[in-house]
Amino acid sequence: MAGLLARIAERWNIHREPGFFKKLDHKWTMVIDLDKCNGCGACVTSCYAENNLPVVGKEECGVSRAFSWLRIERYVEGEYPDVKVKFIPVMCQHCSKAPCETGCPVYATYHNQDGLNVQVYNRCVGTFTCATYCTYDVRRFNWRTYKFEQPLDQQLNPDVSVREMGIMEKCTFCIQRIRAAKDKAKDEGKTVEDGDIQTACVQTCPTGAMTFGDLQDADSKVAKLAKSPRRYKLLEELNTDPSVIYLKRVMKEGPSKHG
Amino acid sequence: MDRSITYKEATEDISGIITKTGWRYYAILTLMGVSGVSFLFLPWAYQIYAGQGVTGLNAPIFWGLYLVNFIYWVGIAHAGTLISAMLYITHTPWRRAIARGAETMTFFALFLVTLFIFIHMGRPWNFYWTFPYPSQREIWTSFVSPITFDVFAIGTYTTSSIVFLFFGMIPDIASLSHTTTGWRKSLYTFLSFGWRGTDRQWHLQAKACMFFAAFIMPLVVSVHSVVSWDFALSVVPGYAKTIFAPYFVTGALLSGFAGVLLMLSVMREAYPVIKKYVTAYHYDRVTVFVVVLSMIWSYLTLMEVVTGLYANTSQEIEHLKYKLAISPFSYLFALMIFSNSVMPLLYIFKKLRSSFIGRFIIPVFVLVGMWLERFLIVPNSLSRKFLPWMWHDYSPTWVEVSITAGAFFFFISMFMIFIKVFPIIAIFEVKEDIGIPMRKPH
């Protein structure tokens with residue numbers, strides 16, 4: 001009896017430790033250096049290939065239903081001869097305080113122990129609440145049953161499910177690659193090291209503008225880059241605490257005002 | 001109430017609505033039923049088959065006409081609750097003749113509310129996942145989600161409304177079982193649950209009604225507040241407003257009372273015998289509510305705009321600019337103000353209250369205006385969220401428009417079937433209104 005009480009007290013005290021529920025195994029973070037980004041769109045293409053995204057066609061894109069999880073936003077400043085075009089790759093920011101997670105009634109979207117904002121496709125009932133609450137408009141909905149015709153079905157990634165009609169999805173930080181790397185590390189009796197995991201976009205980026213890693217690991221590349229004076233987060237004032245860190249572009253006239 | 005009406009006359013008048021049916025009733029019912037099915041259920045079946053892609057929804061605008069209709073019908077349901085619960089507890093005499101009709105409206109409006117929740121879902125066949133039920137997968141629902149609040153609020157509301165409606169009907173059903181024959185007699189006999197009209201039964205019935213009236217009363221305020229939190233608990237510029245709960249509740253009651261007025265007026269024209277029981281006095285009372293609610297609503301609408309201006313963030317300003325000027329639907333704002341703030345003020349003139357304008361025109365304007373209010377809030381706010389790259393306009397497709405219209409036809413057809421099965425005016429309460437015969441002045 002005394003032993004049981006002691007065990008209960010021990011469990012109780014662990015949970016009473018400040019920050020227990022916020023402690024994460026990893027804090028996967030992406031750093032995007034806008035100074036290196038040239039807006040080529042290779043990341044977008046690799047995302048389509050890696051994550052089995054359907055190509056929806058001209059009409060659907062025309063009504064703003066393009067399916068890319070990762071998009072390159074272009075903003076034009078100035079009048080014709082003196083024009084500056086700026087671009088910024090935007091994907092799910094994996095907010096630590098995500099508005100979408102509070103919206104879902106069935107826990108189809110929640111925060112996992114890796115600090116990722118994950119989406120459970122099979123649990124989604126399609127209330128659209130997460131997408132409505134999302135401040136970055138990065139969630140994509142399966143408006144129809146998107147078919148992969150022959151021979152396109154041969155190029156589908158077997159590690160990623162093909163989603164059915166009526167559910168919400170978004171960038172997962174290539175969770176299938178994270179899982180694979182963690183499994184491999186576990187089999188070898190090691191922990192995941194910096195550089196073991198690369199998301200599809202990071203792997204593809206020709207200029208090396210994107211970096212992926214664990215922010216909790218102080219020696220990782222992202223942890224070092226995250227200390228850059230050029231760092232900022234998208235719509236930081238909304239206090240969603242995103243996991244994607246942007247590094248401001250340096251222009252001729254100093255750091256850019258809009259990223 | 002005309003005190004010279006006898007009890008027998010009241011019973012015969014009101015049960016006459018149930019039993020005497022002309023060809024016009026069948027013609028309208030067939031028209032409404034067929035329109036309801038073909039405008040509401042066939043497009044919905046098509047949508048379930050083809051996916052939400054058949055609607056006009058797109059990447060930033062995930063909530064469109066279906067959510068608008070959802071809020072709208074919750075609003076329509078509210079007056080029934082107010083009349084049946086709040087006015088029951090305060091023993092307001094004029095509620096007796098109109099309460100049953102209003103409660104019936106509540107019931108069928110809530111039916112449509114549930115329908116629209118299913119219609120707007122991506123995978124409606126999985127709706128039961130939103131209920132907390134024990135399963136071997138050990139997955140629970142998220143109690144921080146406003147959608148879960150909705151499930152509970154509307155579930156409670158629907159259940160208690162049905163129970164309240166039914167409890168209030170038992171004495172009438174029992175009295176009808178004595179005068180009818182055939183399937184009606186067996187139905188009424190079953191539904192009256194052995195009501196014999198003893199003192200004890202009357203006592204228990206009044207007690208039960210009082211209990212449920214007290215139970216429902218907080219729901220008048222809470223249900224639509226919860227519905228407003230679907231929006232107010234987000235961070236989207238047009239949605240995240242603390243004023244939304246009272247704003248939505250006021251709007252709901254305003255549209256609900258307009259709905260009750262229109263319903264009474266149509267009933268009076270269809271069955272002139274009702275004119276004996278629903279008189280100019282009732283219009284006089286209900287319209288006072290409409291004027292007051294309209295004024296509160298106008299104030300809150302102003303406050304909604306001013307709060308956005310006062311916040312003075314670029315997103316709020318952009319949202320207001322879009323809503324009032326740039327949006328393809330911005331001209332509707334003026335129509336909304338005209339029909340919700342200006343038109344009900346006509347009720348200040350006592351003569352207009354029970355005139356044709358007061359009975360038909362103003363309620364229709366308010367009903368349209370309140371629909372527009374929800375429409376201007378729901379898709380318009382999503383058109384201008386944070387990142388300008390994703391700004392997009394919304395244009396509904398024929399599927400959404402057809403389902404919206406079909407809901408009205410379906411509502412009317414269900415209501416028409418109800419009035420042929422159950423008394424639309426509470427017979428025993430009308431008799432209370434008439435008073436005890438022995439005490440009549442000679």
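This passage walks through the salt bridges of a predicted model and then turns to a nonpolar patch on its surface.

Counted over all chains, the structure holds 26 salt bridges. A good one to begin with links the side chains of Arg177(A) and Glu50(A), with an N to O distance of 2.9 Å. Arg177(A) belongs to helix α6 (residues 175-187) of chain A and Glu50(A) to helix α2 (residues 42-50) of chain A, so this pair ties together parts that lie 127 residues apart in sequence. The two partners can be told apart by their surroundings: Arg177(A) is partly exposed, at 23% relative accessible area, whereas Glu50(A) is buried, at 12%.

Chain A also offers a salt bridge between Glu73(A) and Arg71(A), whose side chains meet at 2.7 Å, N to O. Here both residues are buried.

A further salt bridge pairs Glu164(A) with Arg123(B), and their closest N and O atoms are 2.2 Å apart. Glu164(A) sits in the loop between β6 (140-141) and β7 (168-169) of chain A, while Arg123(B) sits in the loop between α4 (95-120) and α5 (146-179) of chain B, so the pair joins two chains. Glu164(A) is partly exposed, with a relative accessible area of 41%; Arg123(B), at 4%, counts as buried. In chain B, salt bridges also link Lys241(B), Glu304(B), Glu316(B) and Lys323(B) into a network.

Away from the charged pairs, Met1(A), Leu4(A), Leu5(A) and Ile8(A) make up a nonpolar surface patch with about 450 Å² of accessible area together. One of its members, Leu4(A), lies in helix α1 (residues 2-16) of chain A and is partly exposed, with a relative accessible area of 41%.

How values were computed. Residues numbered from 1 in each chain as written. Chains lettered and ligands numbered in written order. Predicted model: local features only at pLDDT ≥ 70, side-chain atom pairs only at ≥ 80, totals over all residues. Heavy atoms only, no water. Patch = residues over 30% accessible without salt bridge, like charges linked within 9 Å, V, L, I, M, F, W, Y side chains within 5 Å. Areas by Shrake-Rupley, 256 points an atom, 1.4 Å probe, with all protein chains shown as cover. Salt bridge = Lys/Arg side-chain N within 4 Å of Asp/Glu carboxyl O. Helix = DSSP H or I, 4+ residues; strand = E, 2+ residues; numbered from the N terminus. Buried < 20%, exposed > 50% of the residue type's maximum accessible area, 1.4 Å probe, protein only.
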